[in-house]
Amino acid sequence: MPDFLSFISEILWGSVMIYLLLGCGIWFTWRTGYIQFRYIRQFSKSLKRSLAPREGGLTSFQVLCISLAARVGSGNLAGVALAITIGGPGAVFWMWVAAIIGMASSFAECSLAQLYKERDAKGQFRGGPAWYMSRGLGMRWMGVLFSLFLLVAYGLIFNTVQANSTAHALKYAFNVPGEVTGVVMAFVALLVIMRGLKGAARLSQWLVPCMALLWVVACLLITLWHIVELPSIVNLIIRSAFGWQEAAAGAAGYTVSQAITSGFQRSMFSNEAGMGSTPNAAAAAASFPPHPAAQGIVQMIGVLIDTVVICSASAMVVLLAGHGTKTTSYDGIQLIQHAMSVLVGEWGASFVAIVMILFAFTSVVANYIYAENNLIFLRWDKPWAIWLLRIATLSMVVLGSLLSLPVVWQMADVIMALMAITNLTAILLLSPVVRIIALDYLRQRKLGVTPVFDPDYYPEIAQQLAPESWDQPPRQ
């Protein structure tokens with residue numbers, strides 16, 4: 001089984017996914033007028049506006065925190081360490097590249113999710129890739145296929161990754177049995193997910209910023225303590241990214257390929273740009289300004305925070321501890337725990353374990369919210385189906401704490417690629433709509449008015465939208 005999964009993963013990531021991710025990111029960077037670069041100075045204003053509650057949905061900040069809860073997990077710790085051990089220090093550079101380019105893809109998918117959102121039976125906004133595939137492309141079958149992929153990924157497989165890394169971290173630091181970690185983690189997650197979308201949002205808006213800040217500040221202090229080594233670390237990352245370290249040995253091409261593949265894999269698992277997961281949260285927001293692009297810009301911030309800030313912090317710890325040599329081992333979380341222990345002493349492993357608990361727990365909760373959202377699209381949101389999903393999700397948390405790590409990561413890579421291929425195909429087909437959204441937003445910003453999306457200006461789009469999803473509020 002591991003050999004088969006590895007073979008499939010190599011086919012998907014060795015050819016299809018790298019070109020698709022790069023091509024899609026570059027395409028939307030151009031089609032949206034380089035929006036991730038033009039609006040980087042507006043990110044603080046966008047965050048400030050996202051705090052105010054709006055009628056009919058969650059605040060943009062709550063939605064950002066839910067998406068960060070799903071993003072910030074084992075990928076930011078174990079995933080970064082794995083990227084470095086398999087692809088070398090150069091994988092960190094390609095993680096940055098994937099994130100910066102992926103911001104445009106994230107803008108596209110999250111703006112589309114906002115555009116094609118609709119209200120559920122309780123009046124809460126719902127949406128995501130399945131909705132824009134159905135409404136925007138008129139391909140409900142494609143939405144059904146994507147929803148099934150997402151249910152397998154976020155309802156099952158990705159939770160095994162989170163539980164697996166947490167169990168290994170607690171075993172390494174405190175010698176806690178894996179089955180105990182799995183059972184306790186599943187029980188606490190159940191208490192939260194039973195409170196629904198709004199309950200998860202309230203938890204995320206407080207817990208996610210605190211846990212991310214805790215990790216980043218700790219890593220920053222360690223980096224500053226070893227500031228004299230920082231130039232050599234950055235030089236190592238750049239040289240390794242382009243194979244300059246290995247050129248003399250005649251293995252540069254293969255090394256660069258490994259670095260790019262590993263960097264893009266772990267970047268996508270961490271920031272989820274283009275995968276189609278984040279739009280499930282983005283659609284739930286009643287964003288301000290009342291324009292689909294506003295939520296796309298807020299979600300670009302999530303990609304930046306996740307990869308360029310949090311993943312970079314983890315990479316600095318690993319590289320400063322001298323773990324920049326590639327290996328074929330799959331002990332990512334123990335590697336970063338050992339690195340932290342080397343830098344700060346024995347308590348470092350325990351600190352990483354505590355951070356991993358927070359990261360993984362919030363990810364499991366957010367993963368379930370994404371999966372339940374797609375039950376609604378499939379019209380399976382009956383009590384028995386919801387409880388079946390809950391039982392399956394929590395069972396995989398327990399199982400994940402007992403599985404071997406290579407199998408878990410390989411399953412995650414395969415299902416992640418299938419989701420991304422389906423979603424990227426859809427947003428590329430909808431790229432004319434993405435361009436309209438971006439240019440409409442930029443035009444109104446240039447005029448100095450608060451952007452408001454008016455479907456009446458775009459009759460072809462208006463007829464695809466859910467009734468009352470874009471009722472016009474007064475301009476402010």
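**Exercise 1. Describe how α8 and helix α17 pack in this predicted model.**

Step 1. Helix α17 covers residues 383-400, and α8 covers residues 140-174. Helices here are DSSP runs of H or I with at least four residues, strands are runs of E with at least two, and both are numbered from the N terminus.

Step 2. The two axes lie 7 Å apart, and the packing angle is about 30 degrees. Axes are lines fitted to C-alpha atoms, for helices over the stretch in contact, and angles between N-to-C directions run from 0 to 180 degrees.

Step 3. α8 is therefore roughly parallel to α17. The classes are roughly parallel under 35 degrees, roughly antiparallel over 145, roughly perpendicular from 65 to 115, and oblique for the rest.

Step 4. The crossing of α8 past α17 is right-handed. Right-handed means that the near helix is turned clockwise from the far one by less than a right angle, left-handed that it is turned anticlockwise.

Step 5. On the α8 side, the residues that meet α17 include Leu 151, Gly 155 and Asn 159; among their partners in α17 are Leu 389, Thr 393 and Met 396. Contact means heavy atoms within 4.5 Å. By class, this contact has seven nonpolar, six polar and no charged residues. Nonpolar covers Ala, Val, Leu, Ile, Met, Phe, Trp, Tyr, Cys and Pro; charged covers Asp, Glu, Lys and Arg; the others, Gly among them, are polar.

**Exercise 2. Classify the packing of α8 with α16.**

Step 1. Helix α16 spans residues 347-377. Its axis comes within 9 Å of that of α8, and the two cross at roughly 165 degrees.

Step 2. The pair is therefore roughly antiparallel, and α8 passes α16 in a left-handed crossing.

Step 3. The contact of α8 with α16 is made up of 22 nonpolar, 11 polar and one charged residues.

**Exercise 3. Locate Gly 90 and Ser 106 in helix α6 and list their contacts beyond four places in sequence.**

Step 1. Helix α6 runs over residues 90-115 and contains Gly 90; Ser 106 is also placed in α6.

Step 2. Gly 90 is buried at 0% relative accessibility, and Ser 106 is buried with a relative accessible area of 0%. Buried means under 20% relative accessible area, exposed over 50%, and partly exposed in between, with a 1.4 Å probe and protein chains only.

Step 3. Gly 90 contacts Ile 237, Ser 240, Ala 241 and Ala 259. From Gly 90 to Ser 240 the C-alpha distance is 4.4 Å, across 150 residues of sequence.

Step 4. Ser 106 contacts Arg 71, Ala 273, Gln 299, Met 300 and Val 303. Its C-alpha is 6.8 Å from that of Gln 299, which is 193 residues away in sequence.

**Exercise 4. State how many disulfides the structure holds, and examine Cys 65.**

Step 1. A disulfide is counted when two cysteine sulfur atoms are within 2.5 Å. The number found is zero.

Step 2. For Cys 65, the closest cysteine sulfur is in Cys 210 at 9.6 Å, too far for a bond.

Step 3. Cys 65 is buried, at 2% relative accessible area. Cys 311 is buried too, at 3%.

**Exercise 5. Summarise the protein chain.**

Step 1. The chain has 20 helices and two strands.

Step 2. Of its 476 residues, 62% are buried.

Step 3. Among contacts with a separation of 6 or more, 83% join residues 24 or more positions apart.

**Conventions.** Residues are numbered from 1 along each chain as its sequence is written, and side-chain values use heavy atoms, without hydrogens or water. Local features need pLDDT of at least 70 and side-chain atom pairs count only at pLDDT 80 or more, whereas totals for chains, interfaces and linings use all residues.
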